[in-house]
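Student: I would like a close look at one strand in this protein. Please start with the whole chain, then move in on that strand and its surroundings.

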Amino acid sequence: MIKMIFVNLPVTNLPRAMKFYEAIGATNNPGFTDETDACMVISDAIYVMLLTHNKWRQFTNRTIPDAHTSAQVLLCLSCDSREAVDAMNAAAGANGGKSDVSPAQDHGFMFGRTFADPDGHIWEPKGWTRRPSRHTPETKNQRVVALATIQRDLCLILTIEDGRSGAIQHA
């Protein structure tokens, strides 16, 4: 069975958030959408659940941080090309998000840009121009890229409360 990931995000304006995610390529699954939440399909294995703040509070009593001023997660999506990365970044900026919240990254074999959705959640579309070779000297970053290339779906970098970082890779 394929493992699926559901990224749950608190949003202040559900219709605006739905419109934004449709503009960057997600589709709505109306079977899991109502006035308090919306299921946005990124791929067969990746779903973004947009939850109103009241709905979010049904799952946790932790404070919802202001994603415009603090970061809890960086959500990285693979793209097929540099042009797809640029198109997603442009669509984000043209539809209520903020393009290029961090400088673009070009490492030769990998290219990425960063945008924020209307609620400040940070997304990083990445495109690979080639897979790292087994015969090239391997650095920590190349190992991570190789894993992300094999997975080709999603890599989440989480900031854990005590300041350590961890990663969840779609398997």
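Tutor: The protein has four helices and 12 strands. The model is predicted. Its mean pLDDT is 81, and 75% of the residues reach 70 or more. One stretch falls below that. Over residues 134-171 the pLDDT is below 50, although this stretch has 63 contacts in the model beyond near neighbours in sequence.

Now some overall numbers. The protein has 171 residues, and 39% of them count as buried. Its accessible surface comes to about 10,000 Å². Carbon and sulfur atoms hold 53% of that surface. Take the contacts with a sequence separation of 6 or more: residues 24 or more positions apart account for 50% of them.

Our strand is S3, residues 37-41. Where does S3 sit in its sheet? Four strands form an open sheet, in the order S1-S4-S3-S2. The pairing in this sheet is mixed. Strand S1 (5-11) and strand S2 (27-29) stand at the edges. Each of these two has a single partner strand, so one side of each is left without a neighbour in the sheet. Neighbouring strands here are turned by 30 degrees against each other on average, direction ignored.

S3 lies between S4 and S2 in that order. Take the S2 side. S2 and S3 pair in the antiparallel sense, over three bridges. Asn28 has Met40 in S3 as its bridge partner. Now the S4 side. S3 and S4 also run antiparallel, joined by five bridges. Here the bridge partner of Met40 is Val48. So Met40 is bridged to Asn28 and to Val48. S3 and S4 form a hairpin, with four residues between them.

Is S3 covered or open to the outside? S3 is mostly covered, with five of its five residues buried. Look at the two faces in turn. Asp37, Cys39 and Val41 are buried on one side. Ala38 and Met40 are buried on the other. Both faces of the strand are covered.

What lies around these faces? In soluble globular proteins, nonpolar side chains tend to be buried together. The largest nonpolar core here has 26 residues. Met40 is among the five members that touch the most others, along with Tyr21, Ile24, Leu50 and Trp123. S3 supplies at least two residues of this core. So do S1, H1, strand S4 (46-52), strand S5 (73-79) and helix H3 (82-94). H1 gives the most, with five residues.

Tyr21 shows how these parts meet. Leaving aside neighbours within four places in sequence, Tyr21 is in contact with Met40 in our strand. Val48 and Leu50 are also among its contacts. The others are Leu9, Ala26, Asp117 and Trp123. Apart from this core lies another one, of seven residues. Cys39 and Val41 from our strand are among its members, as are Met49 and Leu51.

Two more residues help you place the ends of S3. First, Lys55, in helix H2 (residues 53-56). Lys55 touches Asp37 and Thr36, not counting residues up to four places away in sequence. Is Lys55 buried or exposed? Lys55 is buried, with a relative accessible area of 17%. The cut-off for buried is under 20%.

Second, Gly25, in the loop between helix H1 (14-23) and S2. Gly25 and Val41 are 16 residues apart in sequence. In space their C-alpha atoms are 8.8 Å apart. Gly25 is exposed, with a relative accessible area of 55%.

One last stop, away from our strand. Most residues other than glycine have a negative phi. Asp100 is not a glycine, yet its phi is positive, about 50 degrees. Asp100 is found in the loop between strand S6 (98-99) and strand S7 (105-106). At 33% relative accessibility, Asp100 counts as partly exposed.

Definitions and conventions
Residues are numbered from 1 along each chain as its sequence is written. This is a predicted model: local features need pLDDT of at least 70, side-chain atom pairs count only at pLDDT 80 or more; totals for chains, interfaces and linings use all residues. Side-chain values use heavy atoms; hydrogens and water are left out. Buried means under 20% relative accessible area, exposed over 50%, partly exposed in between (1.4 Å probe, protein chains only). Two strands pair if DSSP finds at least two bridges between them. Axes are lines fitted to C-alpha atoms, for helices over the stretch in contact, and angles run from 0 to 180 degrees between N-to-C directions. Contact means heavy atoms within 4.5 Å. Accessible areas come from the Shrake-Rupley method with a 1.4 Å probe; for residues, only the protein chains shown count as cover. pLDDT is the predictor's confidence in each residue, from 0 to 100. A nonpolar core is a set of buried Ala, Val, Leu, Ile, Met, Phe, Trp, Tyr and Cys residues joined through side-chain atoms within 4.5 Å.
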